[in-house]
Number of protein chains: 2
Amino acid sequence: MSAPGLSRSPIPLYLQLAILMRRRISVGEWPKGTRLPAIEELMKEFGVARVTISQALAELERENLIIRKQGRGTFVTGSAEERHWLALATSWDALMRMIEGTRPRLLHLADGVRPPRISEKEGHPAPAYRHMKRLHVKNDVPYCLIEIYLDQRIFDRAPERCRTETVLPLISEMPDVQIARAQQTLTIGSADPEIAEQLQIPINAPTAEVHRFIADASGCVIYVADIVYRGDFIRLDIDLLGGGAQPTLAENQYQGGTRANDHT
Amino acid sequence: MSAPGLSRSPIPLYLQLAILMRRRISVGEWPKGTRLPAIEELMKEFGVARVTISQALAELERENLIIRKQGRGTFVTGSAEERHWLALATSWDALMRMIEGTRPRLLHLADGVRPPRISEKEGHPAPAYRHMKRLHVKNDVPYCLIEIYLDQRIFDRAPERCRTETVLPLISEMPDVQIARAQQTLTIGSADPEIAEQLQIPINAPTAEVHRFIADASGCVIYVADIVYRGDFIRLDIDLLGGGAQPTLAENQYQGGTRANDHT
DNA sequence: CTCAATTTGTTCGTATGTATG
DNA sequence: ACATACATACGAACAAATTGA
């Protein structure tokens, strides 16, 4: 019995409990309509004081996940959360489809004062870059923050469109620009205070960090992007047999109710 | 001037500052040997009291990242952390290579009391499953926790090997078992108290959660795995032009030196 | 309708940790 | 180092609402 692994102090105990119980609800362990165990029992299970349990429940009630009624008990009102996942693109075509129609919000635009971080393996840097910082928003929820370094020569061809539109389609529209390499690396991080504020998530909330670069035929890196996604927005589907990720499948698979396809 | 986005209360202020400054060190903004700004300046920058800065610095000193000397200043001693990434496999072959030689530590073995969660799109469930819970360890560091649900009929063919070896190679060795589908979905989460304890990471540390399933030719789901990785161990490389991920590239690409399996 | 049992809600006192000046 | 203020957490007691006998 008692708490399995409640740590002391970094996060207040009652919030840890809230996290724990929130998970039980979202996982379905406590389905909608369930009456939670009485506070007395929760005290026993978690080995904490009455008030602490009560605080945790108050937090969940504030989120409209439960209702507490004197003399009756505490009931689950929120069902398992339905999240709208964003399937991360893993091919150029899928990437184009994914960002189609996106209108990024420009936060910051600067000349190439600060060069992007480019490793030698990625290619050699362009003579100058234009730096942009943008926020992508869906349903009024900001879900990713992009720092783009774009070859100054490309930017200057269509400065206005580069400022207001997504850059990748623009590049691929230019017939004389050959895209020889386009790669990205995904890692997992957590939100520092600045990112937390801009993405409107708590500090240290999990994030997906994508480093993307594009090189032309001469090996010159014409585009670099460092993207930070909200962790709870990102999903990546991988078909192990197909030899690689299949984002098309991924996008339909979840909400669309499309059948799986084993053709290649 | 003042803090960009220091949130109030969920995490103590001095720990938020420690996180922030720890990042500056690991990112290279404050390289090894640097003398940090005087406390007075840090007070101004973050807009907090002297003692709070001091608390944050004490935390970093405890981690051997800095040294504080009275009358001289605070100096960075720890360099940017060198992480040994584990490239997540995105094809069957890469997956085989990745888990080659792995000896999982069995935590729990049970009969198929609890069925795995299988969506209709994945296939129809087997009559019975064997449930295993395992921990994977590398250099004495646990980096992932796996819950495996294996078709009882397959388990019974080689119970001993199933207990002690990785399951996937076993399955692919069985000539009469046809693997028709093998897919996995990666999402990002954070460690609940139980997982945090087993992976030895702080509560709410970011994690990568992989749901993997294998179906045979008849559409029967013979294997389901729910895997939780430490977020700081996972990296995923994607070649946008190649049409899919290229994990082989991934393993070598990063810090050149560290290979997947090196012995001490 | 009353009584008792159950269950949530509130308050008091105390102790500790956090943050300021 | 000190004084102050606030949040967290505990234990204990008491209040209020609901239910069923």
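**Note on a predicted model of two protein chains with DNA**

1. In this predicted model, 21 residues lie around DNA strand C, and those that come nearest are Ala38(A), Arg68(A), Leu13(B), Ala49(B) and Thr52(B). Chain A gives two or more residues to this surface from each of helix 3 (50-62), strand 1 (66-69) and strand 2 (73-76), and chain B does so from helix 1 (13-27) and helix 3 (50-62).

2. Which element gives the most to the surface near DNA strand C? It is helix 3 of chain A, with 4 residues. By type, the residues of this surface are 11 nonpolar, 7 polar and 3 charged.

3. DNA strand D is surrounded by 13 residues, the closest being Pro12(A), Leu13(A), Ala49(A), Thr52(A) and Gly71(A). At least two residues of the surface near DNA strand D come from each of helix 1 (13-27) and helix 3 of chain A. Helix 3 of chain A again gives the most, here with 3 residues. The residues near DNA strand D comprise 6 nonpolar, 4 polar and 3 charged.

4. Helix 3 of chain A also packs against helix 2 (residues 39-46) of chain A, at an angle of about 105° and with the axes 9 Å apart. The two helices of chain A are therefore roughly perpendicular to each other, since angles of 65 to 115 degrees count as such. In this contact, Ile39(A), Leu42(A) and Met43(A) of helix 2 meet Arg50(A), Ile53(A) and Ser54(A) of helix 3. These residues divide into 4 nonpolar, 1 polar and 1 charged.

5. How are the two protein chains related? A turn of 180° with a shift of 0.1 Å along the axis lays chain B on chain A with an RMSD of 0.4 Å. The two copies are thus related as by a two-fold rotation axis. The same surface serves both copies, as 94% of the contact residues of chain B recur in chain A.

6. Between the chains, 52 residues of chain B are in contact with 52 residues of chain A. On the side of chain B that touches chain A, the elements supplying at least two residues each include helix 1, helix 4 (92-99), helix 8 (193-199) and strand 9 (206-216). Strand 8 of chain B gives the most to this side, with 11 residues. The side as a whole has 26 nonpolar, 16 polar and 10 charged residues.

7. Strand 8 of chain B also pairs across the chains: 5 bridges join strand 11 (residues 234-239) of chain A to this strand, and the two run antiparallel. Within strand 8 of chain B, Gln183(B) stands opposite Asp239(A).

Technical notes. Residues are numbered from 1 along each chain as its sequence is written. Chains are lettered from A and ligands numbered from 1 in the order in which they are written. This is a predicted model: local features need pLDDT of at least 70, side-chain atom pairs count only at pLDDT 80 or more; totals for chains, interfaces and linings use all residues. A residue is near a molecule or strand if its C-beta atom, placed from the backbone, lies within 6 Å of it. Ala, Val, Leu, Ile, Met, Phe, Trp, Tyr, Cys and Pro count as nonpolar, Asp, Glu, Lys and Arg as charged, and the others, Gly among them, as polar. Axes are lines fitted to C-alpha atoms, for helices over the stretch in contact, and angles run from 0 to 180 degrees between N-to-C directions. Angles under 35 degrees count as roughly parallel, over 145 as roughly antiparallel, 65 to 115 as roughly perpendicular and the rest as oblique. Two residues are in contact if their C-beta atoms, placed from the backbone, lie within 7 Å. Copies are superposed by least squares on the C-alpha atoms of residues with pLDDT of at least 70 in both. Two strands pair if DSSP finds at least two bridges between them.
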